[in-house]
Amino acid sequence: MQKEKILVIGASGQIGVELTLALRKIYGNSNVIASDLREENPLLHGSGPYVSMDVMNKEMLHVQVIRQGITQIYLLAAILSATGEKNPSLAWNLNMQSLLNVLDIAKEEKLTKVYWPSSIAVFGPTSPRQNCPQKTIIEPTTVYGISKYAGEFWCNYYFNKYGVDVRSLRYPGLISYKSAPGGGTTDYAVEIYLEALEEKKYECFLEEDTYLPMMYMPDAIRATIELMEAPKEKINIRTSYNLSAMSFSPKEISAEIKKHIPEFEMSYKPDYRQQIANSWPQSIDAAVAAADWGWKPEYDLGKMTEDMLENLR
Ligand code: NAD
Ligand code: AKB
């Protein structure tokens, strides 16, 4: 069996830190190279190799892939929904060009696998709001959503035309305590735990009844690894798989936190992110991921809240 050597691009971000550590446990520390534009996240210090790199520099990326004998790439560098609306051309350029650079190099160097995440942000106001299915009307209204939707079809194209084994998940909003989120609409569901512990209050930038699909990071990391380790013949979706775990509103997460911190108080001051949230489905149907490679979430709102508060304390 070929020895895998993995490059994680965007390793200092919210998902990158935890995914890099999980991959190092499976493949060995020296076989998973973390890379990012910003400095190495302190949680990665001493756990394995780190390379400072801009994924937009295709030549540099190509040199690294050859020099390090890379066989798989996990591409996590991106600009998320809220930051994307503030700088649409930057979001489009980074989100598209980084993917095309990686797919081209994967094709040329015959990499064994590529991972690239999409998002529930591909869906728009004309998609079903409840249990949004895998295949449905997809008309995104944010630049982030447009870039993810286009990216999904580039993945499909490189698989069909060049045989690049690229796999993808449409993550919901991810909640974690290790590394801070990077400019998304669902970030409130991370901030709220930190503020609840430190300030006993939180001002939410979404309205109290805004339901969104969400997932705890351990489920997201497990889903990613399960997808990547599934036999090739089980992967029937080459755009991106719907993925789901839970759906809640700011009012519901606040009530759950109050069970642990009774004095916690929530107030609401919706901003431009409300419009983004309103354009997304409230819940997602992940039946195809369950049927193809066995996806099953472990964490609901109650179990996640207990774990978040315990770890943050
Ligand atoms: P993040 O913003 O926390 O991390 C992205 C990392 O990419 C950052 O560390 C950043 O420094 C790095 N980066 C930016 N530009 C770069 C460049 N030119 N070269 C190299 N590195 C660069 O994002 P995240 O939340 O970890 O998201 C990772 C991926 O997952 C993205 O594609 C995102 O769209 C997707 N996703 C995330 C969520 C979520 O809730 N976190 C949900 C759905 C999809
Ligand atoms: C965001 O809010 O932009 C991300 C996502 C759902 O893709 N968390």
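This is a short dialogue on reading the domains, salt bridges and ligand sites of a predicted model.

Biologist: Where do I start? Which stretches make up domain 1 and domain 2?

Modeller: Start with the domain assignment. Domain 1 covers 6-171 + 217-242. Domain 2 covers 174-214 + 245-312. So much for the bounds; now place the two parts in space. Their C-alpha centres lie 23 Å apart.

Biologist: How many residues of domain 1 are in contact with domain 2?

Modeller: There are 45 residues of domain 1 in contact with 36 residues of domain 2. Area is another way to read an interface. The two domains bury about 3,400 Å² between them. Of that area, 58% is on carbon and sulfur atoms.

Biologist: Which three residues supply more of the area that domain 1 buries than any other three?

Modeller: They are Gln14, Ile120 and Arg129. Together they supply 21% of the area that domain 1 buries against domain 2.

Biologist: How many residue pairs are in polar contact across the interface?

Modeller: The rule finds 23 such pairs between domain 1 and domain 2, with both residues at pLDDT 80 or more. Now look at the elements on the side of domain 1 that touches domain 2. Helices H1 (14-27), H3 (81-86) and H7 (217-229) each give two or more residues. Strands S8 (169-171) and S12 (241-242) do too. H7 gives the largest share, eight residues. By type, that side of domain 1 divides into 23 nonpolar, 14 polar and eight charged residues.

Biologist: And charge pairs? How many salt bridges are there between the domains?

Modeller: The general idea comes first. Side chains of opposite charge can pair when their charged atoms come close. Between domain 1 and domain 2 the count is one salt bridge. Glutamate 298 forms a salt bridge with arginine 222. Their closest N and O atoms are 4.0 Å apart.

Biologist: How many salt bridges does a search of the whole structure find?

Modeller: It finds nine. One pair to view is aspartate 165 with arginine 238, at 2.6 Å from N to O. This pair links distant parts of the chain, 73 residues apart. Aspartate 165 is in the loop between helix H5 (143-162) and strand S7 (166-167). Arginine 238 is in the loop between H7 and S12.

Biologist: On to the ligands. Which residues come nearest to ligand 1?

Modeller: Of the 27 residues around ligand 1, the nearest are Gln14, Asp36, Asp54, Tyr144 and Lys148. Next, check the atom pairs. A polar backbone atom of glutamine 14 is 2.8 Å from an oxygen atom of ligand 1. For tyrosine 144, a side-chain N or O atom is 2.6 Å from an oxygen atom of the ligand. Arginine 38 has a polar side-chain atom 3.0 Å from an oxygen atom of ligand 1.

Biologist: Which residues are around ligand 2?

Modeller: Among them are Leu80, Ser81, Ile120, Tyr144, Gly173 and Trp280. Ser119, Thr185 and Thr186 are also around ligand 2. Take those three in turn. Serine 119 places a polar side-chain atom 2.7 Å from an oxygen atom of ligand 2. Threonine 185 uses a backbone N or O atom, 2.6 Å from an oxygen atom of the ligand. Threonine 186 has a polar side-chain atom 2.8 Å from a nitrogen atom of ligand 2.

Conventions:
Residues are numbered from 1 along each chain as its sequence is written. Chains are lettered from A and ligands numbered from 1 in the order in which they are written. This is a predicted model: local features need pLDDT of at least 70, side-chain atom pairs count only at pLDDT 80 or more; totals for chains, interfaces and linings use all residues. Side-chain values use heavy atoms; hydrogens and water are left out. Domain bounds come from an automatic or database domain assignment. Contact means heavy atoms within 4.5 Å. Buried area is the accessible area (1.4 Å probe) that two parts lose on being put together, summed over both. A salt bridge is a side-chain nitrogen of Lys or Arg within 4 Å of a carboxyl oxygen of Asp or Glu. A polar contact is a pair of N or O atoms within 3.5 Å; within protein, one must be able to donate a hydrogen and the other to accept it, and residues adjacent in sequence count only if both atoms are side-chain atoms. Helices (H or I, at least four residues) and strands (E, at least two) are DSSP runs, numbered from the N terminus. Ala, Val, Leu, Ile, Met, Phe, Trp, Tyr, Cys and Pro count as nonpolar, Asp, Glu, Lys and Arg as charged, and the others, Gly among them, as polar. A residue is near a molecule or strand if one of its heavy atoms lies within 4 Å of it.
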